Amino acid sequence: MNNNIFQFNRLGKLFRRTFQQNSKTFLNNALVLAGLPILFLLIARLTSNEGPELLFRSNFLTFLVVTIFIFSPFFYYYFYNHSKKGLSEVMLPASVLEKFVVMQIFCMILAPLMVLVFYGGSDVILSALFPLYQGGYAIVHFFNNRLTTDGVLVVFLSMQAVFFANLFFVRRKILKSIASFIVINLLIAIVILAVVKWMESLGYLEGYNGNVNLSFSERGLFDFYRGDHPFMIFVMIVRILMDIILPILFMIGSYRLMKTNRY
């Protein structure tokens, strides 16, 4: 049923249904995530008589968050467009927009939140109970040193690309997605190189001696300044394309695929 009217009560029912369908998976994932910091502490104590370093725990937390965030569409909605297994999804009494919103929220918020709550929470408890063996908190280090605007935008782009690929491909999704991403990245690199060569042929790169500031840590996406070098302007445009426009296009494409998919 594809009723186009958006209703929050049906949105809540979709959330509950997703949790009920994946309850065992959620429980197993929670146990594994909560148990990993305990395992790291035990291994470190047995092998070196010291606790796991904060940097290692923070890096592992970052790896888990990024991995689950990007590949969550495969984890939870792999069979959405399957000719048989996906029929239960398309027959749900909810609009396509409601299903799309639930899927996006689940992948963007709930999936990485599980890692932060269970892995990060377990790490916090161990650090509080055994401060002599495990110093600092991985989740605090993560938010202070690993969570950056540019990093979030890149990961968000990757997740939306996977979301789209999961709906676009029906069989051998992971293999086809990887192959497509490689081809697309190569094409983007070729286009960028061609534009740079074209700018160089027109003399736009004259005066560029490598001192143009390409560090964007203190520069917003739309912070164009008078006197910016042409190459800097080009890089900023590419940045907007990759961080803003492409994710939006992937989201629009994903919604269109869900709306027009026929079983």
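Of the 263 residues of the protein chain, 38% count as buried. The model in the viewer is a predicted one. Colour the chain by secondary structure, and 9 helices and 0 strands appear. Followed along the sequence, the elements run α-α-α-α-α-α-α-α-α. Contacts that reach along the chain may be displayed next: of those between residues at least 6 apart in sequence, 74% join residues at least 24 apart.

**First stop: α2 and α3**

Select residues 23-48, which form helix α2, together with residues 54-77, which form helix α3. The axes of α2 and α3 come within 12 Å and cross at roughly 165 degrees. An angle over 145 degrees counts as roughly antiparallel, and α2 and α3 are therefore described in that way. Their crossing is right-handed. To see where the two helices touch, show the side chains of Phe 26, Asn 29, Leu 33, Leu 36 and Phe 40 on α2, then those of Phe 56, Phe 60, Leu 64 and Tyr 76 on α3. By class, this contact of α2 with α3 comprises 8 nonpolar residues, 1 polar residue and no charged ones.

**Second stop: Ser 58**

Remain on α3 and select Ser 58, which lies in this helix. Is Ser 58 buried or exposed? Its relative accessibility is 0%, so Ser 58 counts as buried. Now display what surrounds the residue, leaving aside neighbours within four places in sequence: Ser 58 is in contact with Ala 138, His 141, Phe 142 and Arg 146.

**Third stop: α5 and α7**

Select residues 96-129 for helix α5 and residues 149-168 for helix α7. Two packed helices are described by the angle between their axes and the distance between the axes. For α5 and α7, the angle is about 135 degrees and the axes are 11 Å apart. That angle makes α5 oblique to α7. The crossing of α5 and α7 is right-handed. Which residues of α5 and α7 meet? On the α5 side, show Phe 100, Met 103, Gln 104, Cys 107 and Met 108; on the α7 side, show Phe 156, Met 159, Gln 160, Phe 163 and Leu 167. The contact of α5 with α7 has 8 nonpolar residues, 2 polar residues and no charged residues.

**Fourth stop: Arg 172**

Move along the chain to the loop between α7 and α8, and select Arg 172 there. Most residues other than glycine have a negative phi. Arg 172, however, has a positive phi, near 50 degrees. With a relative accessible area of 64%, Arg 172 is exposed.

**Last stop: α8 and its end**

Select residues 173-201, which make up helix α8. At 1.5 Å a residue, the 29 residues of α8 should span 42 Å, and a distance drawn between its end C-alpha atoms gives 41 Å, which agrees. Next, pick out the buried residues of α8, namely Lys 173, Ser 177, Val 196 and Met 199. What covers these buried residues? Among the elements that do so are α3, α7 and α9, the last of these being residues 230-260. Finally, select Gly 203, just after α8. Gly 203 takes a positive phi of about 85 degrees.

Technical notes. Residues numbered from 1 in each chain as written. Predicted model: local features only at pLDDT ≥ 70, side-chain atom pairs only at ≥ 80, totals over all residues. Heavy atoms only, no water. Helix = DSSP H or I, 4+ residues; strand = E, 2+ residues; numbered from the N terminus. Buried < 20%, exposed > 50% of the residue type's maximum accessible area, 1.4 Å probe, protein only. Contact = heavy atoms within 4.5 Å. Axes fitted to C-alpha atoms, helices over the stretch in contact; angles between N-to-C directions. Parallel < 35°, antiparallel > 145°, perpendicular 65-115°, else oblique. Left-handed = near helix turned anticlockwise from the far one by under 90°. Nonpolar A, V, L, I, M, F, W, Y, C, P; charged D, E, K, R; others polar. Expected span 1.5 Å × (residues − 1).
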